[in-house]
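Visitor: I should like to take a close look at a single part of this structure, and then to see other parts described in the same manner. May I put a request to you once the structure is before us?

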Amino acid sequence: EEIVLPRKKTWDKLAVLQTLASTVKRDPTAAHYMFQDDPFLIPRNAASARLFALSKESGRNAAKYIIKQFPQYFDKTFAEPNVPCLMPETLTPQIEGVSEEALKERIHLRRVKESVDLFDQLIQAGTPISLETTNSLLDLLCFCGDGEATPEKEEEEKEDLEEPGVNASEQKAPRRRFQRGSQSPGWREDNNAERIFKIMPERNAHSYCTMIRGMVKHGASAKAYDMYIDLLNERHKADVHTFNALITAVPYLKEKFVERWELAKVFLNHMVQQEVQPNLLTFNSLLKTLRRCGGVGRSMSLLAIKEMEALDIEPSLATYDHLLFIFYRGVDLGSSGVISEVLDDVEKRSFTPQDPDDAKFFTTAMQACCDLKDIKLAYRLNKAMEKGDNWKFLDMDRLNAYWSKFFSLLCMMEQIDVVLKWYKEMCPSLFYPTPKNILDLLQALDTANHLEVIPSVWEDMKQLGFNRRYDLLEEILSLMSREQHPEETQLAFAKCAEDIKAVHEQTGREQAPLEWTGSALGSVVLLFSRAGRTQDAWNMMERFQQINRIPTDQVMDEFLNCAKQTNNPDEAIKLVKLAASLGLPSSQRLKSRTEEEFELSEKQKKTLESIKSDSDSSDSDSDSDSD
């Protein structure tokens, strides 16, 4: 028999790993994979998850710092065979002496202070330094400022200094953060970058562009604009990155919305005159500026998108993030047309990072879906987020914010079965519910009349550390005690009430005892009474007098019903005494019910009569006083 060999097939290098990965699914009961190293550090809620994630990153930065500060202890190579690309990079200067080559090496190693000192020594010695090397030093200074380069600086994201949503009719912007001529703490007057720039024997376009970008980065927008004017006077041309920085700085240079748009147009016209081709970040910078131009930004942003299409520039997630912020931030949300068109495009693509603001898109879009109360758009957005590697844009904080907004929208718009299904799948593997999420879930259970699920929600609240929050305790007690439920449900509710009672009574070294409110105390009495736990209910009734609160008629009637079901006339008499001591008008009615509905012994009848005579005597005393 002839054997036919198959044609050679070239497999992807990751084919085996991808096949194995396809057999594994996310465990909805497990925490995020980054917390699996130590079971003790598995977080309980969003706050502890953020703390543990930051602690882990802080440990990595500490390790990098130690390696950088004490490289002599890490010069041994034990790997066999040695793979250079996996070894720590050399961080100690190898070139000694005062020379331009030594300066280049220190610039490459990002040794800011050493580079500046070596530059000054070369200048004092009269050694000429090439323009290229000086520009490299300016690049380092403008990126790091006058401080040393650190991982935090290299990976930092600029704060999104957004102004509140404004009406299209507004003509003037709120006061900006940096006034013209003012300096950010990050850019000192006559710092090393400015000093070196001034003493340069010759400057080219790169020198000016570096200074402009550094000034914008560190908040000196006004000085950056003046530097750009100097660049034009010297008949140099700016590059596209410099124009992007200048367009970003426009809101700090002009007050009124129209003036901001006019200045942005000036920079765009200069790009045309200098034959500088715009790129994706140019339009993203423009849209970011239009976010702070009120109604002008809303009308001009669509023109910017059309110009992108004309230049065949494909938008990134940051482009859509700016667009959604412009149209869906503020009171007037408008229609869902813009976000629907955005999702039409996002659903078709798997994105790669191209702009630092790309990571903000999914949380911004989900917030827009929540504001519009459109669950269909939220489902489309979630499907787009799970497409390809789009989920990687959500870090720990953004992931929790995204799913928290999505879950709140589900509670508001979906059927309760769907809500509970999502709740079980998402928590805690994808996000940790916030107190607002728990309130939304309780309200959804109330709307759907599925209050029997509350005990399981209470267990989650204890796990999340929310069992001491007044708003959640009041809400959950109110829902459980509002009406009568089947016996099994009432017993489960009474168990929850017992836990809540224990929470109020426990006192730890760092925990102040929770104070009882009248409504919470009444709800606990109702839950104990309906479960037939007469003694527990009476113990809670006694607390009304201790905290100077008055029980409602419903609370006392339910307690009396409980005493009747358990055939406990002594508790009923205690209730009448309590009502009489508090001077409640309902004490006579409670006494009459006790006489009619209970079989009292002679001693109990006398006790009940004595309560009556006490009240009569008090009435007679008041009558004599009036006479």
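How many residues does helix α23 have, and what distance does α23 reach from its first C-alpha to its last? Please also describe the surroundings of this helix.

Guide: The model is a predicted one, and the description below should be read accordingly. Helix α23, spanning residues 487-505, has 19 residues. From its first C-alpha to its last, α23 reaches 27 Å, which is close to the 27 Å expected at 1.5 Å a residue.

The buried residues of α23 begin with Thr489 and Gln490, continue with Phe493, Ala494, Cys496, Ala497, Asp499 and Ile500, and end with Val503 and His504. An α-helix has 3.6 residues a turn, so residues three or four places apart point the same way. The partners against which the buried residues of α23 pack are three helices: α21 (454-464), α22 (470-481) and α24 (518-530).

The chain as a whole provides the setting for this helix. It has 29 helices and zero strands. Of its 627 residues, 43% are buried. When contacts between residues at least 6 apart in sequence are considered, 68% of them join residues at least 24 apart.

Elsewhere in the chain, two helix pairs that share α7 can be described in detail. In one pair, helix α5 (residues 131-144) packs with helix α7 (residues 192-199) at an angle of about 160°, and their axes lie 9 Å apart. An angle over 145 degrees counts as roughly antiparallel, and α5 and α7 are therefore roughly antiparallel to each other. The crossing of α5 past α7 is left-handed. On the α5 side, Thr134, Leu137, Leu138, Leu141 and Cys142 make the contact, while α7 contributes Asn192, Ala193, Ile196 and Phe197. Sorted by class, this contact of α5 with α7 has seven nonpolar residues, two polar residues and no charged residues.

In the other pair, α7 packs with helix α8 (residues 205-217), again at an angle of about 160°, with axes 11 Å apart. The helices α7 and α8 are therefore roughly antiparallel to each other, and their crossing is left-handed. Ala193, Glu194 and Phe197 of α7 meet Ser207, Tyr208, Met211 and Met215 of α8 in this contact. By class, the contact of α7 with α8 has five nonpolar residues, one polar residue and one charged residue. Ala193 and Phe197 of α7 thus appear in the contact with α5 and also in the contact with α8.

Key
Residues numbered from 1 in each chain as written. Predicted model: local features only at pLDDT ≥ 70, side-chain atom pairs only at ≥ 80, totals over all residues. Heavy atoms only, no water. Helix = DSSP H or I, 4+ residues; strand = E, 2+ residues; numbered from the N terminus. Expected span 1.5 Å × (residues − 1). Buried < 20%, exposed > 50% of the residue type's maximum accessible area, 1.4 Å probe, protein only. Contact = heavy atoms within 4.5 Å. Axes fitted to C-alpha atoms, helices over the stretch in contact; angles between N-to-C directions. Parallel < 35°, antiparallel > 145°, perpendicular 65-115°, else oblique. Left-handed = near helix turned anticlockwise from the far one by under 90°. Nonpolar A, V, L, I, M, F, W, Y, C, P; charged D, E, K, R; others polar.
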